[in-house]
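Good morning, and thank you for coming. I shall present one structure today, beginning with single residues and ending with the chain as a whole.

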Amino acid sequence: MLQRRQAELMLGTTIVLWALNFTVTKYALTHGFRPLAYSTVRYGAATVLFTWFTYGKERSFQVRRRDFWLILLAAALGIWLNQLSYVYALEFSSASTIALILGATPIFTALIAFALRLERLHPRFWIATVVSFAGVALVALGRAGGISSSLKGDALGIATAATWGAYTVAIAPLMRRYSPYRISALVLAIGWLAVAATGVEQTIHQSFHFTALVWACLVYATLGPLVLTNILWFRAIDRVGPSRATLVGNLQPFVAAIIALVLLSETMTAVQVFGGVLIAGGIVLARRRSARPA
(Lines give C-alpha, C1' and ligand atoms only; values in the text may rest on other atoms or scores of the structure.)
Protein backbone atom coordinates (compact mmCIF):
# COMPACT_ATOMS: atom_id res chain seq x y z
CA MET A 1 0.00 0.00 0.00
CA LEU A 2 2.82 2.40 0.89
CA GLN A 3 4.63 1.67 -2.39
CA ARG A 4 1.42 2.27 -4.33
CA ARG A 5 0.89 5.65 -2.65
CA GLN A 6 4.49 6.60 -3.35
CA ALA A 7 4.04 5.63 -7.00
CA GLU A 8 0.85 7.71 -7.24
CA LEU A 9 2.69 10.65 -5.70
CA MET A 10 5.46 10.22 -8.32
CA LEU A 11 2.86 10.15 -11.09
CA GLY A 12 1.12 13.25 -9.77
CA THR A 13 4.40 15.12 -9.44
CA THR A 14 5.41 14.12 -12.97
CA ILE A 15 2.11 15.33 -14.43
CA VAL A 16 2.40 18.72 -12.71
CA LEU A 17 6.04 19.14 -13.77
CA TRP A 18 5.20 18.34 -17.40
CA ALA A 19 2.08 20.51 -17.33
CA LEU A 20 3.86 23.57 -15.94
CA ASN A 21 6.49 23.30 -18.67
CA PHE A 22 4.10 24.74 -21.29
CA THR A 23 3.73 27.94 -19.29
CA VAL A 24 7.43 28.12 -18.41
CA THR A 25 8.51 27.65 -22.02
CA LYS A 26 6.01 30.18 -23.33
CA TYR A 27 7.24 32.73 -20.79
CA ALA A 28 10.89 32.19 -21.72
CA LEU A 29 10.14 32.52 -25.45
CA THR A 30 8.22 35.75 -24.97
CA HIS A 31 10.94 37.30 -22.78
CA GLY A 32 14.02 37.09 -24.97
CA PHE A 33 14.87 33.45 -25.74
CA ARG A 34 14.95 32.39 -29.38
CA PRO A 35 13.22 29.00 -29.84
CA LEU A 36 16.17 26.93 -31.07
CA ALA A 37 18.66 28.61 -28.75
CA TYR A 38 16.36 27.78 -25.85
CA SER A 39 16.11 24.12 -26.91
CA THR A 40 19.85 23.85 -27.50
CA VAL A 41 20.79 25.15 -24.05
CA ARG A 42 18.03 23.26 -22.26
CA TYR A 43 18.63 19.90 -23.90
CA GLY A 44 22.39 20.26 -23.65
CA ALA A 45 22.24 20.70 -19.88
CA ALA A 46 19.68 17.89 -19.53
CA THR A 47 21.84 15.54 -21.61
CA VAL A 48 24.82 16.04 -19.31
CA LEU A 49 22.76 15.51 -16.16
CA PHE A 50 20.73 12.53 -17.33
CA THR A 51 23.61 10.66 -18.96
CA TRP A 52 25.59 11.16 -15.75
CA PHE A 53 22.70 9.71 -13.74
CA THR A 54 22.24 6.77 -16.12
CA TYR A 55 25.92 5.87 -16.24
CA GLY A 56 26.06 5.93 -12.45
CA LYS A 57 23.11 3.53 -12.38
CA GLU A 58 24.04 1.16 -15.23
CA ARG A 59 27.76 1.71 -15.97
CA SER A 60 27.13 1.22 -19.66
CA PHE A 61 25.34 2.69 -22.68
CA GLN A 62 25.98 -0.34 -24.89
CA VAL A 63 23.27 -1.47 -27.32
CA ARG A 64 23.28 -3.97 -30.15
CA ARG A 65 24.42 -2.62 -33.51
CA ARG A 66 21.12 -3.52 -35.19
CA ASP A 67 19.24 -1.49 -32.56
CA PHE A 68 21.30 1.64 -33.03
CA TRP A 69 19.44 2.66 -36.22
CA LEU A 70 16.15 2.45 -34.35
CA ILE A 71 17.62 4.66 -31.63
CA LEU A 72 18.64 7.18 -34.31
CA LEU A 73 15.07 7.15 -35.65
CA ALA A 74 13.68 7.60 -32.14
CA ALA A 75 16.05 10.52 -31.52
CA ALA A 76 15.02 12.19 -34.78
CA LEU A 77 11.32 11.81 -34.00
CA GLY A 78 11.27 12.22 -30.24
CA ILE A 79 13.80 15.01 -29.76
CA TRP A 80 14.69 16.73 -33.01
CA LEU A 81 11.41 16.98 -34.96
CA ASN A 82 9.27 16.94 -31.84
CA GLN A 83 11.21 19.69 -30.10
CA LEU A 84 11.36 21.89 -33.19
CA SER A 85 7.60 21.68 -33.67
CA TYR A 86 6.98 22.15 -29.92
CA VAL A 87 8.97 25.34 -29.39
CA TYR A 88 7.68 26.96 -32.57
CA ALA A 89 4.12 25.92 -31.72
CA LEU A 90 4.48 27.83 -28.46
CA GLU A 91 6.19 30.70 -30.28
CA PHE A 92 3.18 31.20 -32.57
CA SER A 93 0.24 30.06 -30.44
CA SER A 94 -0.90 30.13 -26.81
CA ALA A 95 0.32 27.62 -24.24
CA SER A 96 -3.22 26.59 -23.28
CA THR A 97 -4.19 25.90 -26.91
CA ILE A 98 -1.10 23.81 -27.63
CA ALA A 99 -1.57 21.89 -24.39
CA LEU A 100 -5.11 20.89 -25.37
CA ILE A 101 -4.04 19.90 -28.88
CA LEU A 102 -1.39 17.62 -27.40
CA GLY A 103 -4.19 15.84 -25.57
CA ALA A 104 -4.76 13.96 -28.84
CA THR A 105 -1.29 12.35 -28.70
CA PRO A 106 -2.61 8.89 -27.65
CA ILE A 107 -4.86 8.87 -30.72
CA PHE A 108 -1.90 9.63 -33.02
CA THR A 109 0.13 6.89 -31.30
CA ALA A 110 -2.53 4.25 -31.93
CA LEU A 111 -3.06 5.36 -35.55
CA ILE A 112 0.67 5.13 -36.31
CA ALA A 113 0.89 1.68 -34.72
CA PHE A 114 -2.11 0.64 -36.84
CA ALA A 115 -0.54 2.04 -40.03
CA LEU A 116 2.61 0.00 -39.33
CA ARG A 117 0.44 -3.09 -38.71
CA LEU A 118 1.58 -3.36 -35.11
CA GLU A 119 -1.95 -3.18 -33.71
CA ARG A 120 -5.52 -3.86 -34.77
CA LEU A 121 -8.05 -1.27 -33.70
CA HIS A 122 -11.61 -1.86 -32.57
CA PRO A 123 -14.43 -0.04 -34.40
CA ARG A 124 -15.03 2.02 -31.26
CA PHE A 125 -11.57 3.52 -31.68
CA TRP A 126 -12.46 5.06 -35.05
CA ILE A 127 -15.39 6.85 -33.43
CA ALA A 128 -12.99 8.04 -30.71
CA THR A 129 -10.62 9.30 -33.42
CA VAL A 130 -13.34 11.37 -35.10
CA VAL A 131 -14.41 12.79 -31.72
CA SER A 132 -10.83 13.71 -30.72
CA PHE A 133 -9.93 15.26 -34.07
CA ALA A 134 -13.17 17.26 -34.03
CA GLY A 135 -12.02 18.53 -30.63
CA VAL A 136 -8.61 19.49 -32.03
CA ALA A 137 -10.32 21.41 -34.86
CA LEU A 138 -12.51 23.30 -32.39
CA VAL A 139 -9.52 24.15 -30.19
CA ALA A 140 -7.56 25.43 -33.20
CA LEU A 141 -10.37 27.35 -34.87
CA GLY A 142 -12.51 28.40 -31.95
CA ARG A 143 -10.39 31.23 -30.55
CA ALA A 144 -11.78 34.70 -30.25
CA GLY A 145 -11.62 36.37 -33.65
CA GLY A 146 -11.63 33.07 -35.57
CA ILE A 147 -8.75 31.91 -37.76
CA SER A 148 -5.60 33.97 -37.24
CA SER A 149 -1.85 33.79 -37.72
CA SER A 150 -1.59 31.51 -34.69
CA LEU A 151 -3.15 28.77 -36.84
CA LYS A 152 0.46 28.12 -37.89
CA GLY A 153 1.28 27.43 -34.26
CA ASP A 154 -1.73 25.14 -33.93
CA ALA A 155 -0.59 23.14 -36.98
CA LEU A 156 2.82 22.78 -35.37
CA GLY A 157 1.06 21.63 -32.20
CA ILE A 158 -0.56 18.85 -34.22
CA ALA A 159 2.89 17.98 -35.59
CA THR A 160 4.19 17.84 -32.02
CA ALA A 161 1.50 15.33 -31.07
CA ALA A 162 2.11 13.24 -34.20
CA THR A 163 5.90 13.10 -33.81
CA TRP A 164 5.61 12.14 -30.14
CA GLY A 165 3.18 9.40 -31.10
CA ALA A 166 5.66 8.12 -33.70
CA TYR A 167 8.45 8.26 -31.11
CA THR A 168 6.36 6.21 -28.68
CA VAL A 169 5.88 3.51 -31.30
CA ALA A 170 9.57 3.57 -32.30
CA ILE A 171 10.94 3.00 -28.80
CA ALA A 172 8.48 0.24 -27.86
CA PRO A 173 10.71 -2.66 -29.09
CA LEU A 174 13.79 -1.03 -27.54
CA MET A 175 12.10 -0.87 -24.13
CA ARG A 176 11.74 -4.66 -24.21
CA ARG A 177 15.50 -5.11 -24.56
CA TYR A 178 17.04 -2.27 -22.54
CA SER A 179 16.26 -0.20 -19.49
CA PRO A 180 14.21 2.98 -20.09
CA TYR A 181 17.04 5.01 -18.56
CA ARG A 182 19.58 3.79 -21.11
CA ILE A 183 17.28 4.40 -24.06
CA SER A 184 16.26 7.84 -22.78
CA ALA A 185 19.88 8.85 -22.22
CA LEU A 186 20.95 7.78 -25.72
CA VAL A 187 17.94 9.36 -27.43
CA LEU A 188 18.42 12.56 -25.46
CA ALA A 189 22.11 12.83 -26.35
CA ILE A 190 21.70 12.06 -30.06
CA GLY A 191 18.61 14.23 -30.34
CA TRP A 192 20.37 17.14 -28.68
CA LEU A 193 23.17 17.00 -31.27
CA ALA A 194 20.57 17.36 -34.03
CA VAL A 195 18.81 20.23 -32.21
CA ALA A 196 22.13 21.99 -31.58
CA ALA A 197 23.18 21.65 -35.23
CA THR A 198 19.83 23.04 -36.39
CA GLY A 199 19.89 25.91 -33.92
CA VAL A 200 23.56 26.87 -34.10
CA GLU A 201 22.89 30.25 -35.75
CA GLN A 202 20.25 31.24 -33.21
CA THR A 203 22.44 30.12 -30.33
CA ILE A 204 25.46 32.08 -31.54
CA HIS A 205 23.44 35.28 -31.89
CA GLN A 206 21.41 34.78 -28.74
CA SER A 207 21.77 37.45 -26.07
CA PHE A 208 21.84 35.92 -22.60
CA HIS A 209 21.04 39.10 -20.67
CA PHE A 210 17.86 37.78 -19.08
CA THR A 211 15.99 38.54 -15.91
CA ALA A 212 16.31 36.17 -12.98
CA LEU A 213 12.84 34.78 -13.69
CA VAL A 214 13.77 33.76 -17.24
CA TRP A 215 16.86 31.97 -15.94
CA ALA A 216 14.69 30.29 -13.30
CA CYS A 217 12.36 29.14 -16.08
CA LEU A 218 15.29 27.60 -17.98
CA VAL A 219 16.57 25.81 -14.87
CA TYR A 220 13.10 24.49 -14.11
CA ALA A 221 12.47 23.37 -17.71
CA THR A 222 15.77 21.45 -17.65
CA LEU A 223 15.71 19.83 -14.21
CA GLY A 224 11.96 19.22 -13.96
CA PRO A 225 10.39 18.08 -17.25
CA LEU A 226 13.55 16.57 -18.76
CA VAL A 227 15.56 15.07 -15.88
CA LEU A 228 13.43 14.51 -12.78
CA THR A 229 10.30 13.39 -14.63
CA ASN A 230 12.25 10.70 -16.52
CA ILE A 231 13.32 9.22 -13.19
CA LEU A 232 9.93 9.54 -11.45
CA TRP A 233 7.90 8.32 -14.43
CA PHE A 234 9.80 5.09 -14.99
CA ARG A 235 9.98 4.29 -11.27
CA ALA A 236 6.24 4.81 -10.99
CA ILE A 237 5.60 2.57 -14.03
CA ASP A 238 7.68 -0.15 -12.39
CA ARG A 239 5.32 -0.07 -9.36
CA VAL A 240 1.86 0.47 -10.84
CA GLY A 241 2.28 -0.69 -14.44
CA PRO A 242 2.21 1.20 -17.75
CA SER A 243 -1.58 1.13 -18.23
CA ARG A 244 -2.37 2.98 -15.00
CA ALA A 245 0.54 5.38 -15.50
CA THR A 246 -0.59 6.19 -19.05
CA LEU A 247 -4.16 6.77 -17.88
CA VAL A 248 -2.94 9.33 -15.34
CA GLY A 249 -0.56 10.78 -17.93
CA ASN A 250 -3.49 11.63 -20.19
CA LEU A 251 -4.50 14.31 -17.68
CA GLN A 252 -1.32 16.30 -18.30
CA PRO A 253 -2.46 18.43 -21.30
CA PHE A 254 -5.62 19.50 -19.50
CA VAL A 255 -3.77 20.39 -16.31
CA ALA A 256 -1.28 22.31 -18.49
CA ALA A 257 -4.08 24.31 -20.13
CA ILE A 258 -5.50 25.32 -16.74
CA ILE A 259 -2.06 26.37 -15.47
CA ALA A 260 -1.43 28.48 -18.59
CA LEU A 261 -4.82 30.18 -18.29
CA VAL A 262 -4.10 31.10 -14.66
CA LEU A 263 -0.41 32.04 -14.77
CA LEU A 264 -0.23 33.63 -18.23
CA SER A 265 -3.69 35.19 -18.12
CA GLU A 266 -4.51 33.56 -21.45
CA THR A 267 -8.10 33.45 -22.65
CA MET A 268 -10.08 30.55 -24.05
CA THR A 269 -13.46 30.64 -25.76
CA ALA A 270 -16.36 28.33 -24.96
CA VAL A 271 -15.80 26.63 -28.34
CA GLN A 272 -12.20 25.81 -27.38
CA VAL A 273 -13.27 24.49 -23.99
CA PHE A 274 -15.81 22.24 -25.73
CA GLY A 275 -13.02 21.11 -28.07
CA GLY A 276 -10.93 20.13 -25.05
CA VAL A 277 -13.87 18.15 -23.68
CA LEU A 278 -14.17 16.30 -27.00
CA ILE A 279 -10.45 15.45 -26.98
CA ALA A 280 -10.74 14.06 -23.45
CA GLY A 281 -13.91 12.19 -24.39
CA GLY A 282 -12.19 10.63 -27.38
CA ILE A 283 -9.33 9.38 -25.21
CA VAL A 284 -11.75 7.84 -22.69
CA LEU A 285 -13.77 6.22 -25.48
CA ALA A 286 -10.61 4.82 -27.11
CA ARG A 287 -9.43 3.27 -23.83
CA ARG A 288 -12.71 1.51 -23.13
CA ARG A 289 -11.60 -1.10 -25.59
CA SER A 290 -7.84 -1.16 -25.92
CA ALA A 291 -6.03 -1.96 -29.12
CA ARG A 292 -5.03 -5.58 -29.72
CA PRO A 293 -1.60 -6.67 -30.98
CA ALA A 294 -1.65 -7.43 -34.68
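Asparagine 82 touches Ala76, Leu77, Thr160, Thr163 and Trp164, once residues up to four places away in sequence are set aside. Please keep in mind that what we are looking at is a predicted model. Asparagine 82 belongs to helix α3. Is this residue buried or exposed? Asparagine 82 has a relative accessible area of 8%, and because buried means under 20%, asparagine 82 counts as buried.

A second residue can be read in the same manner. Threonine 222 has its place in helix α10, which covers residues 212-240. With 6% relative accessibility, threonine 222 is buried. Which residues does threonine 222 contact, leaving aside its neighbours within four places in sequence? They are Arg42, Ala45, Ala46 and Val227.

Helix α10 also holds arginine 235. The relative accessible area of arginine 235 is 38%, so this residue is described as partly exposed. Beyond the residues up to four places away in sequence, arginine 235 touches Met10, Phe53 and Tyr181. One may also ask how far its C-alpha atom is from that of serine 265, 30 residues apart along the chain. The separation of these two C-alpha atoms is 34 Å.

I turn now to salt bridges. In general, side chains of opposite charge can pair when their charged atoms come close. How many salt bridges are counted in this model? The count comes to 2, and I shall take each in turn.

In one of them, arginine 182 is paired with glutamate 58, and the closest N and O atoms are 2.8 Å apart. Arginine 182 sits in helix α8, residues 180-198, while glutamate 58 sits in helix α2; the two are 124 residues apart, and the pair thus links distant parts of the chain. Arginine 182 itself is buried, at 14% relative accessibility.

The other joins the side chains of arginine 177 and aspartate 67, with 2.8 Å from N to O. Why can we say that this pair ties together separate parts of the sequence? Arginine 177 lies in the loop between α7 (151-175) and α8, whereas aspartate 67 lies in helix α3, so the pair joins parts that are 110 residues apart in sequence. The partners also have their own accessibility values. Arginine 177 is partly exposed, with 32% relative accessibility. Aspartate 67 is buried, with a relative accessible area of 2%.

Next, let us consider backbone angles. Arginine 59 is not a glycine, and yet its phi is positive, at about 65 degrees. Where is arginine 59 found? Its position is in the loop between α2 (35-58) and α3 (65-92). The relative accessibility of arginine 59 is 57%, and since exposed means over 50%, arginine 59 counts as exposed.

Arginine 117 likewise has a positive phi, of about 60 degrees, although this residue is not a glycine. Arginine 117 is located in the loop between α5 (105-115) and β1 (119-120). At 72% relative accessibility, arginine 117 is exposed. The loop between α5 and β1 is also the place of leucine 116. Leucine 116 has a relative accessible area of 54% and is therefore exposed. The C-alpha atom of leucine 116 is separated by 9.4 Å from that of valine 169, although the two are 53 residues apart along the chain.

Finally, I come to the whole chain. What secondary structure does the chain contain? There are 13 helices and 2 strands. Along the principal axes, the C-alpha trace spans about 55 × 50 × 40 Å. A compact globule of 294 residues would have a radius of gyration near 19 Å, and the value for this chain, 19 Å, agrees with that expectation.

Buried residues account for 51% of the 294 residues. Of the contacts in the chain with a separation of 6 or more, 88% are between residues 24 or more positions apart. The exposed area is about 14100 Å², and carbon and sulfur atoms supply 67% of it. As for charge, the chain carries 25 positive and 9 negative charges, and their mean positions are 9 Å apart.

To close, I would draw your attention once more to the 2 salt bridges. Arginine 182 with glutamate 58 is one pair, and arginine 177 with aspartate 67 is the other. Thank you for your attention.

Definitions and conventions: Residues numbered from 1 in each chain as written. Predicted model: local features only at pLDDT ≥ 70, side-chain atom pairs only at ≥ 80, totals over all residues. Heavy atoms only, no water. Helix = DSSP H or I, 4+ residues; strand = E, 2+ residues; numbered from the N terminus. Buried < 20%, exposed > 50% of the residue type's maximum accessible area, 1.4 Å probe, protein only. Salt bridge = Lys/Arg side-chain N within 4 Å of Asp/Glu carboxyl O. Rg over C-alpha atoms; globule rule 2.2 N^0.38 Å. Contact = heavy atoms within 4.5 Å. Areas by Shrake-Rupley, 256 points an atom, 1.4 Å probe, with all protein chains shown as cover. Lys, Arg positive; Asp, Glu negative; His and termini not counted. Charge placed at Lys NZ, Arg CZ, Asp CG, Glu CD.
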